[in-house]
Amino acid sequence: MAGSIDISIGSLLGLSAVLAGLSDTAELPIACTAAVALAAGALGGWLNGWLAVRSKVHAIVITLGTMAIYRGLIVEWSDGRWILGLSDGLRDVAHGSLLGAPFLLWAAIGAWIGVAILLRFSRFGRLIYALGSDQQAARYVGVASHQILPWTFALCGLLIGAAGLLQAARYGQVQTNAGLGFELKAIAAAVIGGVHIAGGRGSALGIALGTLLIGQLANALVLLHVPAYWEGLFLGAVILSTLVLERGKDSQ
């Protein structure tokens, strides 16, 4: 929506999960483990945005580099081994329930509502749309990309850190390939959900529906006994077809 693309999110999710796993195995309190994962995600995201603004290079190029850096840190800090035997306290974060519904569902709904309120009712949300619509025009009315973009990436990173924490809690272990390929799913969910690839358009509800569609596609492929490596082909085809339809709509 802000006119940028972050392709490091899979690596940043894996890094947040690894740091959560290391904190848990060091027997830190659950609150500290959560804070470490969230801080890692937010800091990594903010760094992506700050580098893109300061270097005046498109974020997709910057995050291509940070993707490799974050993935390297995963291997370095985990010694190239899975982090096993996470505590029951951490696992309860993902496996608990509230009012009969899994906590993971409540976390997803809470994130969706929070982002929807931010985009629709806050000044920061309106600035994100303005920046994505036309950076030059936004600059003329006082919307500076160097003030907005790093914090937009930081918000994205904060949500990624939460996802990394919940993934570690859900599986009770952290693999060194955690988050691998997630960037394609995230882009597909956003594009299918109505987010304009160039920015300035999109909604939290659309993204939620796009995410559900991507999840159902993955489940359908499993039920149809389609090999896992075909999932990327289907996701790529969905992205391309959506972009073609969107381009046709814009030309009209």
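This report walks through one predicted model, from the whole chain down to single residues.

## The chain as a whole

The chain holds 11 helices and 2 strands. Read from the N terminus, its elements run α-α-α-α-β-β-α-α-α-α-α-α-α. The radius of gyration is 18 Å. The globule rule also gives 18 Å for 252 residues, so the chain is as compact as a globular protein of that length.

The C-alpha atoms fill a box of roughly 55 × 45 × 40 Å along the principal axes. Of the 252 residues, 37% count as buried. Contacts often reach far along the sequence. Take those between residues at least 6 apart: 77% of them join residues at least 24 apart.

## Helix 2

Helix 2 covers residues 30-55, which makes 26 residues. At 1.5 Å a residue, helix 2 should span 38 Å. Its end C-alpha atoms are 37 Å apart, which agrees with that expectation. After helix 2 comes Lys56, and the phi of Lys56 is positive, near 55°.

Which residues of helix 2 are buried? They are Thr33, Ala34, Ala37, Ala40, Gly41, Gly44, Gly45, Asn48, Gly49, Ala52 and Val53. What covers these buried residues? The cover includes helix 1 (9-25), helix 3 (59-78), helix 4 (88-95) and helix 8 (145-171).

## Thr33, a buried residue

Thr33 sits in helix 2. Is Thr33 buried or exposed? Thr33 has a relative accessible area of 0%. The cut-off for buried is under 20%, so Thr33 is buried.

Now look at its surroundings. Leave out residues up to four places away in sequence. Thr33 then touches Ala20, Ser23, Asp24, Leu28, Leu90 and Leu165.

## The nonpolar cores

The largest nonpolar core has 23 residues. Leu15, Leu86, Leu165 and Val174 touch the most other members of this core. Five helices each supply at least two of its residues: helix 1, helix 2, helix 3, helix 4 and helix 8. Which helix gives the most to this core? Helix 1 does, with 8 residues.

Leu15 shows how such a member is placed. Setting aside neighbours within four places in sequence, Leu15 is in contact with Tyr70, Leu73, Ile74 and Trp77. Apart from this core lies another one, of 15 residues. Met1, Ala2, Leu131 and Leu149 are among the members of that other core.

## Three tryptophans

How many aromatic pairs does the count give? The count comes to 2 aromatic pairs. One is formed by Trp46 and Trp50, and this pair is stacked. Their rings lie 6.0 Å centre to centre, with 20° between the planes. Planes under 30 degrees apart count as stacked, so the 20° of this pair fits that class. Trp46 and Trp50 are 4 residues apart in helix 2, which means that about one helical turn separates them.

Trp46 also pairs with Trp151. That pair is tilted, at 6.4 Å centre to centre and 55° between the planes. The pair links distant parts of the chain, with Trp46 in helix 2 and Trp151 in helix 8, 105 residues apart. Together, Trp46, Trp50 and Trp151 form one aromatic cluster.

How open are these residues? Trp46 is partly exposed, with a relative accessible area of 28%. Trp50 is partly exposed as well, at 33%. Trp151 reaches 53%; exposed means over 50%, so Trp151 is exposed.

## Two cysteines and no disulfide

How many disulfides are there? The count comes to 0. Cys32 is partly exposed, with a relative accessible area of 36%. Cys156 is partly exposed too, with a value of 28%.

## Asn177, a loop residue

Where is Asn177? Asn177 lies in the loop between helix 8 and helix 9 (182-192). Its relative accessible area is 39%, so Asn177 is partly exposed. Along the chain, Asn177 and Thr211 are 34 residues apart. In space, their C-alpha atoms are separated by 21 Å.

How values were computed: Residues are numbered from 1 along each chain as its sequence is written. This is a predicted model: local features need pLDDT of at least 70, side-chain atom pairs count only at pLDDT 80 or more; totals for chains, interfaces and linings use all residues. Side-chain values use heavy atoms; hydrogens and water are left out. The expected span of a helix is 1.5 Å times one less than its number of residues. Buried means under 20% relative accessible area, exposed over 50%, partly exposed in between (1.4 Å probe, protein chains only). Contact means heavy atoms within 4.5 Å. A disulfide is a pair of cysteine sulfur atoms within 2.5 Å. A nonpolar core is a set of buried Ala, Val, Leu, Ile, Met, Phe, Trp, Tyr and Cys residues joined through side-chain atoms within 4.5 Å. Rings of Phe, Tyr and Trp (its six-membered ring) pair if their centres lie within 6.5 Å; planes under 30 degrees apart count as stacked, over 60 as edge-to-face and the rest as tilted. The radius of gyration is taken over C-alpha atoms; the globule rule is 2.2 Å times the number of residues to the power 0.38.
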